[in-house]
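Here's a quick tour of a protein model, written for someone who'd rather look than calculate. Keep the viewer open as you read.

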Amino acid sequence: MDYSVLNKISNSYGDSFYLLDTEKFKDNYTELLNSFKKYYKNTNIGYSYKTNYTPVLCKLIDDNGGFAEVVSDMEYSLAIAIGVAPQNIIVNGPYKTKKLIEKYVLNKSIVNLDSYREFEYIKEIAIDNPSVNIEYGIRCNFSIGNNNISRFGVDTENSDFVKKISELNKIPNVILSGIHCHFPDRNADSYVIRAEKIIKLVKLLFKTPPRYIDIGGGYFGKMDQSLRKQFSSYHDYDEYAEKIGRVFYKEYGELPNKSQPLLILEPGSAIVADVVKFVCKIVEIKNIRNSDIAICTGSKFNIGLLSSTINSPISVFSKNETGTYHNSIDISGYTCIESDYLYRGYQGNLDIDDFIMLDNAGSYSIVFKPPFILPNVPVVEIKNNKINVIKRQETFNDVFSTFSW
């Protein structure tokens, strides 16, 4: 990668763009899955569409035997559109209408219920379809030893929990087929707690092991050392695999293969964060009361949820062999939001017309960019010395065609 390559892309597709690496995505998927299979063979991955639903990535997961993990009918429709079999779609999320739940369970998708209201929907669907077995799972909410109370799932520590399950199980054509949890805590030790607790719940709710146990996502992905040190802790794939896999192997590893529950992982950032880079151009450099500030053609909204709290690994590409050195310069975006900074305190050479490239831009970036001030930028991939457009530049019409004029 050099200035001439980036300039060539810029001249054809615009001054800001995402660079995608599909081979790295496939490698990350395979490496994470194999790390877990070393400890517990009956493992599969349900890729979190909400993290980055670029269709070519979602299709790669399906082509390699993985599941689709979706939290909306839009994402469900995407999975169907790219050819994912309905039974390989996991439906999570706190907002599911009765009509949609009916569609999902009749399609034989994996549906994890998030509330007692959804329990009532399942009852009604089962009564309306007496000749069809209605399978469901539950998203479980329990303490994992920190002070955070998640708003998702059903409180398994409430006295009503087992009673509600029993009520559902009395309906002849209703089958509890799996159990699920997900918590926003990346610490590897917290996964041991959730694995042990969810297995304890399995023993409470099932006479024999269920079809699946879904341990959720939230894992760290691959990171440059400069990014790792900005987090209080960091764990690689194998650390997660060993801690979770050993718990599952101890409980189920000696059972016949057909009796072992499928362990489902739901990574998003862990496999997609480092497969996208965001590139933009410096258009101005100013000094305000002794503070150097660069303005670029991108925005913090292009690079993900963590952009306000961390500095992503950065590379600068200049057409000049010698540039202007800055001991500390803040790189700001094009929007009119005062806090729109992509990088704070960059130290090095930086000039107008330089390109900056920010790594780890694959997570909650492309899907999170609002049509605020400017529409989103294209996604391109360089493969076999050819530039492939994965997503074209969004236009005025893309933003405004849904409005009445």
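Helices here are DSSP runs of H or I with at least four residues, strands are runs of E with at least two, and both are numbered from the N terminus. Just after helix α5, Lys-108 takes a positive phi of about 70°.

Before going on, some ground rules. This is a predicted model, where local features need pLDDT of at least 70 and side-chain atom pairs count only at pLDDT 80 or more, while totals for chains, interfaces and linings use all residues. Residues are numbered from 1 along each chain as its sequence is written, and side-chain values use heavy atoms, leaving out hydrogens and water.

**The whole chain**

The chain has 12 helices and 18 strands. Its radius of gyration (taken over C-alpha atoms) is 24 Å, close to the 22 Å from the globule rule (2.2 Å times the number of residues to the power 0.38), so the chain is as compact as a globular protein of 405 residues. Buried residues (under 20% relative accessible area with a 1.4 Å probe, protein chains only; over 50% is exposed, in between is partly exposed) make up 50% of the 405.

| Property of the chain | Value |
|---|---|
| C-alpha span along the principal axes | about 75 × 50 × 45 Å |
| Exposed area (Shrake-Rupley, 1.4 Å probe) | about 19,300 Å² |
| Share of that area from carbon and sulfur atoms | 50% |

**Back to α5**

Which residues of α5 are buried? In this helix, residues 98-106, they are Ile-101, Tyr-104 and Val-105. They cover an arc of only 90° around the axis (using directions from the axis to the C-beta atoms), which puts them on the same side of α5. An α-helix has 3.6 residues a turn, so residues three or four places apart point the same way. The buried residues of α5 pack against α4 (73-81), β4 (89-91), β5 (110-113), α6 (116-128) and β6 (134-141), with contact meaning heavy atoms within 4.5 Å.

**A buried leucine and a partly exposed isoleucine**

Leu-263 sits in strand β10, residues 262-265, and is buried at 0% relative accessible area. Leaving aside residues up to four places away in sequence, Leu-263 touches several residues, including Phe-36, Tyr-40, Asn-44, Ile-213 and Phe-248. Asn-44 is 219 residues from Leu-263 in sequence, yet their C-alphas are 6.3 Å apart.

Ile-373, by contrast, is in the loop between β16 (355-358) and β17 (379-383), and counts as partly exposed at 45% relative accessibility.
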